[in-house]
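Colleague: I am new to this structure and would like some help reading it. Could we walk through a few features together?

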Amino acid sequence: ILWLDCDREGEAISDEVRTVCLKGNPRLGTQNRVYRAKFSTVLQGEIRRALCTLGRVNENFVQAVQARSEHDLRVGAAFTRFQ
């Protein structure tokens, strides 16, 4: 179970952690056993709710973060040339 921040960045980090976990134990992928918990506070009720409503990594959020990161790098590199 991936317990990372409940935002797009957390989703992208979850994707990276999932990749590392699957390299270390490929059986996780073949048995589709990687889940994502989503919570916003560290309170007992919130943690229990997250555990009862496990989902998967949102690939759309992951791709959005990757696209924004690439865009930021390209724009930053373009402005660096003017300095």
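Modeller: Gladly; we will take a helix, a buried residue, a surface patch and some salt bridges in turn. Please keep in mind that this is a predicted model.

Colleague: Let us start with helix α1: how many residues does α1 have, and what distance does α1 reach from its first C-alpha to its last?

Modeller: A helix can be checked by comparing its span with the expected one, at 1.5 Å a residue. Helix α1 covers residues 8-24, which is 17 residues, and reaches 25 Å, close to the 24 Å expected.

Colleague: Which residue caps the N-terminal end of α1?

Modeller: That is Asp7, which has a side-chain oxygen 3.3 Å from the backbone nitrogen of Glu9.

Colleague: And which residues of α1 are buried?

Modeller: For burial, look at the relative accessible area: under 20% counts as buried. In α1 the buried residues are Gly10, Glu11, Ala12, Ser14, Asp15 and Arg18. Take Ser14 as the example: its relative accessible area is 0%, so Ser14 is buried.

Colleague: Which residues does Ser14 touch, leaving out those up to four places away in sequence?

Modeller: Ser14 has contacts with Leu2, Leu4, Arg36 and Val57.

Colleague: Now the surface. Which residues make the nonpolar surface patch?

Modeller: Ile1, Trp3, Tyr35, Leu51 and Leu54 make a patch of about 440 Å². One of them, Trp3, sits in the segment before α1. Trp3 is partly exposed, with 34% relative accessibility.

Colleague: How many salt bridges does the structure hold?

Modeller: There are 8. To read a salt bridge, find the two charged side chains, then ask where each partner lies in the chain. In one of these bridges, Arg68 meets Glu9 at 2.5 Å, N to O. Arg68 belongs to helix α4 (residues 59-80) and Glu9 to helix α1, so this pair ties together parts 59 residues apart in sequence. Arg68 is partly exposed at 42% relative accessibility, and Glu9 is partly exposed at 33%.

Colleague: What about salt bridges inside α4?

Modeller: Arg68 also pairs with Asp72, at 3.7 Å, N to O. These two are 4 residues apart in helix α4, so about one helical turn separates Arg68 and Asp72. Glu70 and Arg74 form another salt bridge, at 2.7 Å, and they too are 4 residues apart in α4. Glu70 is partly exposed at 41%, whereas Arg74 is exposed at 57%.

Colleague: Which residues do shared partners join into one network?

Modeller: Glu9, Arg68 and Asp72 are joined that way, through salt bridges that share partners.

Methods: Residues numbered from 1 in each chain as written. Predicted model: local features only at pLDDT ≥ 70, side-chain atom pairs only at ≥ 80, totals over all residues. Heavy atoms only, no water. Expected span 1.5 Å × (residues − 1). Buried < 20%, exposed > 50% of the residue type's maximum accessible area, 1.4 Å probe, protein only. Polar contact = N/O pair within 3.5 Å; in protein donor to acceptor, adjacent residues only side chain to side chain. Contact = heavy atoms within 4.5 Å. Patch = residues over 30% accessible without salt bridge, like charges linked within 9 Å, V, L, I, M, F, W, Y side chains within 5 Å. Areas by Shrake-Rupley, 256 points an atom, 1.4 Å probe, with all protein chains shown as cover. Salt bridge = Lys/Arg side-chain N within 4 Å of Asp/Glu carboxyl O.
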